[in-house]
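Please look at the sequence and the model first. The report below then goes through the fold part by part.

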Amino acid sequence: MDNCIFCKIVRAEAPADIVYENEDLLAFRDINPQAPTHVLVVTKKHFQHLDELPAHDLQLAGRILLSIKEVAQKLGVAGGYKVLTNCGEAAGQVVPHLHFHLLAGKKFLP
Ligand SMILES: [Zn+2]
């Protein structure tokens with residue numbers, strides 16, 4: 001998607017504080033953090049949201065899930081973090097490119 005900000009970050013055409021990268025995903029710090037640790041885990045391929053993730057590609061879905069765990073480990077928050085995704089504008093999704101919020105920190109966690 002030419003004018004998608006997350007696609008631009010994936011293509012290194014827009015700046016981001018990248019904390020993790022692999023063949024499927026890029027993770028970078030949210031520019032407006034809602035927790036002491038707030039990272040966005042973004043698929044390199046453009047999907048609008050979770051509903052667009054292809055049902056036939058269980059390997060991709062599994063790699064995404066396990067990669068989020070690796071991001072948490074790299075950030076030093078393994079064992080104490082929250083992951084969420086907003087699916088669609090009605091759910092509060094602002095950027096229409098599949099991404100997961102990884103949130104951690106004493107101020108955020110109950
Ligand atoms: Zn995109």
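Which residue in β5 is the bridge partner of Val-42? The bridge partner of Val-42 in β5 is His-99. The model is predicted; local features need pLDDT of at least 70, side-chain atom pairs count only at pLDDT 80 or more, and totals for chains, interfaces and linings use all residues. Residues are numbered from 1 along each chain as its sequence is written.

**Overall make-up**

The protein has two helices and five strands. Helices (H or I, at least four residues) and strands (E, at least two) are DSSP runs, numbered from the N terminus. In order from the N terminus, the elements run α-β-β-β-α-β-β.

A compact globule of 110 residues would have a radius of gyration near 13 Å, and the protein agrees with this, having 13 Å. The radius of gyration is taken over C-alpha atoms, and the globule rule is 2.2 Å times the number of residues to the power 0.38. Along the principal axes, the C-alpha atoms fill a box of roughly 35 × 30 × 30 Å.

Of the 110 residues, 21% are buried. A residue is buried if 20 or more other C-beta atoms lie within 10 Å of its own, exposed if 12 or fewer, and partly exposed in between, with C-beta atoms placed from the backbone. Two residues are in contact if their C-beta atoms, placed from the backbone, lie within 7 Å. Among the contacts with a separation of 6 or more, 59% are between residues 24 or more positions apart.

**The sheet**

The five strands form an open sheet in the order β1-β2-β3-β5-β4, with antiparallel pairing. Two strands pair if DSSP finds at least two bridges between them. The edge strands, β1 (18-21) and β4 (82-84), each pair on one side only. On average, neighbouring strands of this sheet are turned by 20° against each other, direction ignored. For such angles, axes are lines fitted to C-alpha atoms, for helices over the stretch in contact, and angles run from 0 to 180 degrees between N-to-C directions.

The table gives some of the antiparallel pairs with one residue pair from each.

| Strand pair | Bridges | One pair of opposite residues |
|---|---|---|
| β2 and β3 | five bridges | Phe-28 and Leu-40 |
| β3 and β5 | six bridges | Val-39 and Leu-102 |
| β4 and β5 | three bridges | Lys-82 and Leu-103 |

In β4, paired with β5, Leu-84 also stands opposite His-101. Strand β5 covers residues 99-104 and is mostly covered, with five of its six residues buried. Strand β3, residues 37-43, is mostly covered too: five of its seven residues are buried. In a regular strand the side chains alternate between the two faces of the sheet.

**Helix α2**

Helix α2 spans residues 58-75, and at 1.5 Å a residue its 18 residues should cover 26 Å; the end C-alpha atoms are 26 Å apart, which agrees. The expected span is 1.5 Å times one less than the number of residues.

Which residues of α2 are buried? They are Ser-67, Val-71 and Ala-72. Seen down the helix axis, the buried residues of α2 fall within an arc of 145°, so they line one face of the helix. The arc is that of the directions from the helix axis to the C-beta atoms. What covers these buried residues includes β1, β2 (25-29), β3 and β5. The face of α2 turned away from the buried side carries the exposed residues Leu-58, Gln-59, Gly-62, Leu-65 and Leu-66.

Ile-68 is also in α2. Ile-68 counts as partly exposed because it has 19 C-beta neighbours inside 10 Å. Leaving aside residues up to four places away in sequence, Ile-68 touches Val-41, Val-83, Phe-100 and Leu-102. Asn-3 lies 65 residues from Ile-68 along the chain, and their C-alpha atoms are separated by 26 Å.

**Two positive phi angles**

Just after α2, Gly-76 takes a positive phi of about 80°. Ala-12 has a phi near 60°, a positive value in a residue other than glycine. Ala-12 sits in the loop between α1 (5-10) and β1. Is Ala-12 buried or exposed? Ala-12 is exposed, because 10 other C-beta atoms lie within 10 Å.
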